Amino acid sequence: MKYLYLKHTLWSMLLLITTAFTLASCMGEEELETAPECAIISFSVNKITSHVITQQYDSEGNATDVVTTKTILGKDIPFNIDQVNGRIYTVDSLPNWVDLTKVIPTFVCQGNVYAKLLPDNDLYFSLTSGKDSINFSKTVELMCVSTDGLSSKRYMVDIYKHRVNTDTLRWKASTSNLAITGESKVYSTAEKVFVFAKDDAGNDVSTVANSNNCTQWSAPATIPVDFNSIVMFGEKFYGLSQDGYIYYATDEQATVWEQAADKKVARLLAADEHYIYAYDGQSIIGSSDLSTWSVQGSEELEMLPETSNNSISYPSRSNDQFQIAVMTGISSNNSNNGVTWYKMTSKDDNNQEWSYIQVTPDNAFGLPRLDNLSTTYYKGAIYAIGSESGKYKYLYRSNDNGIAWHPLTELHPVPADLDAANGAASIAAVGNQLWIIQENGKIWQGSIL
């Protein structure tokens with residue numbers, strides 16, 4: 001077939017001749033005066049299905065090529081229409097693996113739309129919205145022609161995608177002198193990475209390394225707070241003592257601690273840019289100065305995290321004046337899933353209370369119940385890791401502030417040699433990397449390019 005979308009019938013030949021005469025006045029070197037109705041006013045594409053070769057790892061870490069089918073929905077591919085310059089293009093670049101050779105565009109134009117499929121000649125072909133597919137691997141020229149054939153407007157259409165596979169997570173393993181036992185909590189600053197855990201004697205300890213050297217850690221220093229309670233608030237670390245008082249670290253190594261508040265609480269829960277949060281036995285309470293406290297949640301408190309408590313915060317994507325806080329962990333009152341809590345705050349006290357995210361038939365992708373659960377925020381999403389049935393099977397990711405969690409396979413495997421038999425592991429974002437830190441001192445550094 002010499003030209004796409006033409007049937008070798010007498011009718012199509014007549015149609016082509018008629019179209020050629022109709023377009024004769026529209027295909028000169030100069031753009032014709034365009035009538036107001038002669039424009040593409042809406043443009044989208046149908047879902048794009050691609051067959052992708054990925055690597056799948058077995059229990060020994062051996063990789064084999066597997067062909068998988070991946071689909072991106074059209075609603076997830078927004079376009080800009082630049083009427084002044086005659087351009088239509090995707091707002092964001094699509095993943096490298098997307099196949100653009102057979103994409104079906106859907107558009108609204110009060111005239112007729114024609115596609116110039118061969119860039120080295122002047123032939124245009126009629127295009128039916130929502131039915132005909134086009135090869136968008138290169139720029140495509142579209143022309144909207146008014147119904148009377150006297151006006152036209154040309155558009156250059158681009159669907160951008162990454163030149164390299166930006167979705168691939170690659171790991172580099174290192175052996176360090178880290179000396180901890182069991183699960184840990186990890187926090188990073190611009191220059192340092194802090195690990196809070198227990199030592200062989202069962203003492204709560206802190207240890208620190210430079211963010212550019214994951215192999216050398218300071219000697220574990222005993223701290224007077226429960227490591228599982230530690231949160232980072234205002235660039236300081238806060239933790240809860242056994243008698244219920246809040247302490248904070250006064251030195252840069254997080255080894256020296258002093259009492260920060262007179263108020264006793266049952267649990268220290270989370271922190272964001274504006275507040276530190278605790279549970280006083282009756283409500284979730286918050287404070288900006290650890291002196292004045294207000295109620296920040298009073299419902300479904302039986303679902304508060306009891307173990308593996310993690311909290312993260314980050315600016316809202318829609319308005320950077322708001323902070324999103326997400327709290328995760330394990331509760332004895334939920335035997336099927338981990339628990340996730342959500343909150344939005346602002347510096348202007350425009351706050352909402354903490355809300356427990358329920359797992360329902362409408363939201364069946366709740367946080368799994370993972371042993372030694374650990375979460376972090378990395379490149380616009382929340383990542384979680386934990387063992388299942390004695391194995392580290394997946395990384396889990398949430399793109400919607402902890403509502404839905406999906407296991408990452410294919411391009412996002414956990415390290416092939418991450419073995420739960422070697423102990424608990426925690427995950428943290430350190431600069432542009434993800435770090436997985438295991439209690440045996442093994443550390444993996446991963447990057448999504």
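The paragraphs below go through the overall make-up of this predicted model, one of its sheets and its cysteines.

Starting with the big picture, the protein comes out with 34 strands and one helix. It runs to 449 residues, and 48% of them count as buried. The exposed surface adds up to about 22500 Å², with carbon and sulfur atoms supplying 47% of that area. As for how contacts spread along the chain, take those between residues at least 6 apart in sequence: 53% of them join residues at least 24 apart.

Next, the sheet. Strands β28, β29, β30 and β31 make up an open sheet of four strands, lined up in just that order and with antiparallel pairing. At the edges sit β28 (371-378) and β31 (406-408), each of which pairs on one side only. Going from one strand to the next, the twist averages 30°. As background, the strands of a sheet pair through backbone hydrogen bonds, and they can do that in a parallel or an antiparallel way. Inside this sheet, β29 (residues 381-387) and β30 (residues 395-398) run antiparallel and are joined by three bridges. Across that pairing, tyrosine 383 has arginine 397 of β30 standing opposite.

That leaves the cysteines. A disulfide, in general terms, is a covalent bond linking the sulfur atoms of two cysteines. With a cut-off of 2.5 Å between cysteine sulfur atoms, the count for this model is one disulfide. The partners are cysteine 109 and cysteine 144, whose sulfur atoms lie 2.1 Å apart. Cysteine 109 belongs to strand β6 (residues 105-109) and cysteine 144 to strand β9 (residues 140-145), so the bond ties together parts of the chain that are 35 residues apart in sequence. Both of these cysteines, 109 and 144, are buried.

Cysteine 38 is a bit of a bystander here: its nearest cysteine sulfur is that of cysteine 144, but the separation is 4.2 Å, and cysteine 38 is in no disulfide. That fits the cut-off, because a pair has to have its sulfur atoms within 2.5 Å to be called a disulfide. On the solvent side, the residue has 0% relative accessibility, so cysteine 38 counts as buried. Cysteine 214 comes in at 4% relative accessibility and therefore counts as buried too; the bar for that label is a relative accessible area under 20%.

Notes: Residues numbered from 1 in each chain as written. Predicted model: local features only at pLDDT ≥ 70, side-chain atom pairs only at ≥ 80, totals over all residues. Heavy atoms only, no water. Helix = DSSP H or I, 4+ residues; strand = E, 2+ residues; numbered from the N terminus. Buried < 20%, exposed > 50% of the residue type's maximum accessible area, 1.4 Å probe, protein only. Contact = heavy atoms within 4.5 Å. Areas by Shrake-Rupley, 256 points an atom, 1.4 Å probe, with all protein chains shown as cover. Pairing = 2+ DSSP bridges. Axes fitted to C-alpha atoms, helices over the stretch in contact; angles between N-to-C directions.
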